[in-house]
Amino acid sequence: MVCGGFACSKNALCALNVVYMLVGLLLIGVAAWGKGLGLVSSIRIIGGVIAVGVFLLLIAVAGLVGAVNHHQVLLFFYMIILGLVFIFQFGISCSCLAINRSKQTAVINASWWVMSNKTRDELERSLDCCGLFNLTTLYQQDYAFCTAICKSRRPTCQMCGEKFLKHSDEALKILGGVGLFFSFTEILGVWLAMRFRNQKDPRANPSAFL
């Protein structure tokens with residue numbers, strides 16, 4: 001049987017939304033796990049990851065309910081929201097893949113000085129480094145107040161900016177690749193929802209137009 005009928009479209013859409021639900025639950029669980037173990041203490045980072053997980057979970061539940069009940073209104077809004085998410089995620093993923101090393105340095109430098117002193121101190125201790133880049137007089141001040149273990153072991157500590165840049169290229173490629181992959185699954189979800197909305201339920205009244 002060719003996978004183009006009502007039942008096949010319904011099952012495919014349900015399966016896709018179940019995957020989205022699992023990803024949303026995974027994001028929420030990872031954020032809670034990281035907070036519980038003390039790996040991440042910033043409430044903004046934790047809140048952001050949890051918000052993304054909850055948003056994805058809600059979208060998946062709406063799509064799943066719409067697919068199970070063949071609900072036209074839910075499927076319509078599911079298509080619209082998923083399409084907007086695709087546009088946003090596709091742009092972010094392409095930006096992650098296109099950013100070069102100089103832009104990475106600028107972004108890291110801007111983010112570092114926006115952080116609170118407590119967050120910078122926690123990063124220095126966890127990464128065992130001091131300061132960001134030895135480019136400004138602020139580096140000397142940052143290095144003087146650094147509490148990383150490396151200061152007691154070696155005459156000088158490695159700069160945190162060097163450690164950030166060491167793995168930033170790989171991290172951005174992974175983020176961009178995963179983002180692109182999920183963005184195309186969102187296009188698949190929009191197409192499945194649009195196709196499913198225009199199909200008639202064979203178990204319903206044949207004279208009824210859905």
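Two residues are in contact when heavy atoms of one lie within 4.5 Å of heavy atoms of the other. Keep that idea handy as you explore this structure, which is a predicted model.

**How confident is the prediction?**

The chain has an average pLDDT of 77, and 83% of its residues score at least 70. Confidence varies along the chain: helix α3 has the highest mean, at 86, while helix α6 (residues 137-144) has the lowest, at 65.

**A lysine in the first helix**

Let's begin with Lys10, a residue of helix α1. Is Lys10 buried or exposed? Its relative accessible area is 17%, and because the cut-off for buried is under 20%, Lys10 counts as buried. Which residues does Lys10 touch, once neighbours within four places in sequence are set aside? Its contacts are Ala67, Val68, Phe196 and Arg203. With Val68 you can look at individual atoms: a polar atom of the Lys10 side chain lies 3.4 Å from the backbone oxygen of Val68.

**The nonpolar cores**

Now turn to the largest nonpolar core, which has 16 residues. The members touching the most other members are Leu13, Tyr20, Ala67, Tyr78, Leu82, Ala193 and Phe196. At least two core residues come from each of α1 (6-36), α2 (43-69), α3 (72-98) and α8 (160-197). Helix α1 gives the largest share, with five residues.

Leu13 makes a good example to follow on screen. Not counting neighbours within four places in sequence, Leu13 is in contact with Ala67, Leu75, Tyr78, Gly189, Leu192, Ala193 and Phe196. There is also a second, separate core of seven residues, with Trp112, Cys129, Leu132 and Cys160 among them.

**Where α2 meets α1**

For another view, find Leu56 in helix α2. Leu56 touches Tyr20, Val23 and Gly24, leaving out residues up to four places away in sequence. Leu56 and Met21 are 35 residues apart in sequence, yet their C-alpha atoms are 6.9 Å apart in space.

**Annotated transmembrane regions**

An unreviewed UniProt entry carries the annotation "transmembrane region" for residues 12-33, 45-68, 75-100 and 174-194. Here is how the model looks over two of these stretches.

| Residues | Helix | Strand | Distance between end C-alpha atoms |
|---|---|---|---|
| residues 75-100 | 92% | 0% | 40 Å |
| residues 174-194 | 100% | 0% | 30 Å |

So what is the helix content over residues 174-194? The chain is 100% helix there, and over residues 75-100 the value is 92%.

How values were computed. Residues are numbered from 1 along each chain as its sequence is written. This is a predicted model: local features need pLDDT of at least 70, side-chain atom pairs count only at pLDDT 80 or more; totals for chains, interfaces and linings use all residues. Side-chain values use heavy atoms; hydrogens and water are left out. A nonpolar core is a set of buried Ala, Val, Leu, Ile, Met, Phe, Trp, Tyr and Cys residues joined through side-chain atoms within 4.5 Å. Buried means under 20% relative accessible area, exposed over 50%, partly exposed in between (1.4 Å probe, protein chains only). Helices (H or I, at least four residues) and strands (E, at least two) are DSSP runs, numbered from the N terminus. pLDDT is the predictor's confidence in each residue, from 0 to 100. A polar contact is a pair of N or O atoms within 3.5 Å; within protein, one must be able to donate a hydrogen and the other to accept it, and residues adjacent in sequence count only if both atoms are side-chain atoms. UniProt positions are given in the numbering used here, feature names are shortened, and annotations may be inferred rather than shown by experiment.
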